[in-house]
Amino acid sequence: MSWQGPAEIAGTPVRLHASGRWEPVDGRYHWAGRIEPEPRMLRLLRSGRRDVEVRVGERVARGRLAEADPWGGVRITGVGAPPWPPDAEED
């Protein structure tokens with residue numbers, strides 16, 4: 001399953017591109033993606049804050065900021081139910 005669209009991360013409106021998969025090795029759902037360039041996300045990452053709350057509509061999940069990419073976006077990862085709606089299109 002994947003998601004492209006608006007989200008709120010640590011209280012900041014962003015655009016998120018993410019996808020996930022069931023991992024049979026540990027029996028959990030893993031998701032990851034990219035936050036489009038947003039200066040506040042870069043500041044959070046560079047300040048050392050990694051653990052964030054990700055909200056898509058009414059759905060909330062815990063995520064972890066991973067790294068900045070060369071274009072100013074920030075990579076994010078999570079384990080467990082993803083923050084996007086369950087009826088999102090599958091790839």
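Which residues is valine 56 in contact with, leaving aside its neighbours within four places in sequence? I started my notebook with that look-up. I keep in mind that this is a predicted model.

**Entry 1: valine 56**

I found valine 56 in strand β4. Leaving aside neighbours within four places in sequence, I listed its contacts as Trp3, Pro6, Ala7, Pro83, Trp84 and Pro85. I then checked one of those partners by distance. Valine 56 and alanine 7 are 49 residues apart along the chain, yet their C-alpha atoms are separated by 4.8 Å. Next I asked whether valine 56 is buried or exposed. Its relative accessible area is 6%. Buried means under 20%, so valine 56 counts as buried.

**Entry 2: the whole chain**

I stepped back to see what valine 56 sits in. I counted 1 helix and 6 strands in the chain. Read from the N terminus, their order is β-β-β-α-β-β-β. The radius of gyration is 12 Å, close to the 12 Å of the globule rule for 91 residues, so the chain is as compact as a globular protein of that length. I also noted the span of the C-alpha trace along its principal axes, about 35 × 25 × 20 Å.

I looked up burial next. Of the 91 residues, 41% are buried. The accessible surface is about 5400 Å², and carbon and sulfur atoms account for 49% of it. Then I turned to contacts between residues at least 6 apart in sequence. Of these, 52% join residues at least 24 apart. The contact of valine 56 with Ala7 fits that description, with the two positions 49 residues apart along the chain.

I took the charges last. I found 14 positive and 14 negative side chains. The centres of the two sets lie 8 Å apart.

**Entry 3: what the record says**

I checked UniProt for annotations. Its unreviewed entry lists residues 12-85 as "domain: DUF4873". I looked at that span in the model. It is 11% helix and 57% strand. Its end C-alpha atoms lie 19 Å apart.

**Entry 4: leucine 16**

Where is leucine 16 found? I located leucine 16 in strand β2. Its relative accessibility is 0%, and it counts as buried. I wrote down its contacts, leaving aside neighbours within four places in sequence. They are Trp3, Gln4, Gly5, Ala7, Arg34, Ile35, Val54 and Ile76. I followed up on valine 54. Leucine 16 and valine 54 are 38 residues apart in sequence and 9.8 Å apart in space, C-alpha to C-alpha.

**Entry 5: threonine 12**

I stayed in strand β2, where threonine 12 is also found. Threonine 12 is buried, at 6% relative accessible area. Not counting residues up to four places away in sequence, threonine 12 touches Ala7, Glu38, Arg40 and Met41. Ala7 had already come up in my lists for valine 56 and leucine 16.

**Entry 6: arginine 40 and alanine 10**

Arg40 was the next partner to follow. Arginine 40 belongs to helix α1, residues 39-46. Its relative accessible area is 40%, and it is partly exposed. Arginine 40 lies 9.5 Å from alanine 10, C-alpha to C-alpha, with their positions 30 residues apart in sequence.

That led me to alanine 10. I placed alanine 10 in the loop between β1 (2-9) and β2 (12-23). Alanine 10 is partly exposed, with a relative accessible area of 25%. What is the phi of alanine 10? I read a positive value of about 50 degrees, although alanine 10 is not a glycine. I noted this because most residues other than glycine have a negative phi.

**Entry 7: arginine 49**

I closed with a second loop. Arginine 49 lies between α1 and β4 (51-56). Is arginine 49 buried, or partly exposed? I found it partly exposed, at 38% relative accessible area. Arginine 49 touches Ala10, Leu44 and Leu65, not counting residues up to four places away in sequence. I had met Ala10 before, in the loop between β1 and β2. I also checked arginine 49 against arginine 64. They are 15 residues apart in sequence and 8.7 Å apart in space, C-alpha to C-alpha.

Terms used:
Residues are numbered from 1 along each chain as its sequence is written. This is a predicted model: local features need pLDDT of at least 70, side-chain atom pairs count only at pLDDT 80 or more; totals for chains, interfaces and linings use all residues. Side-chain values use heavy atoms; hydrogens and water are left out. Helices (H or I, at least four residues) and strands (E, at least two) are DSSP runs, numbered from the N terminus. The radius of gyration is taken over C-alpha atoms; the globule rule is 2.2 Å times the number of residues to the power 0.38. Buried means under 20% relative accessible area, exposed over 50%, partly exposed in between (1.4 Å probe, protein chains only). Contact means heavy atoms within 4.5 Å. Accessible areas come from the Shrake-Rupley method with a 1.4 Å probe; for residues, only the protein chains shown count as cover. Lys and Arg count as positive and Asp and Glu as negative; His and the chain ends are not counted. The place of a charge is taken as NZ of Lys, CZ of Arg, CG of Asp or CD of Glu. UniProt positions are given in the numbering used here, feature names are shortened, and annotations may be inferred rather than shown by experiment.
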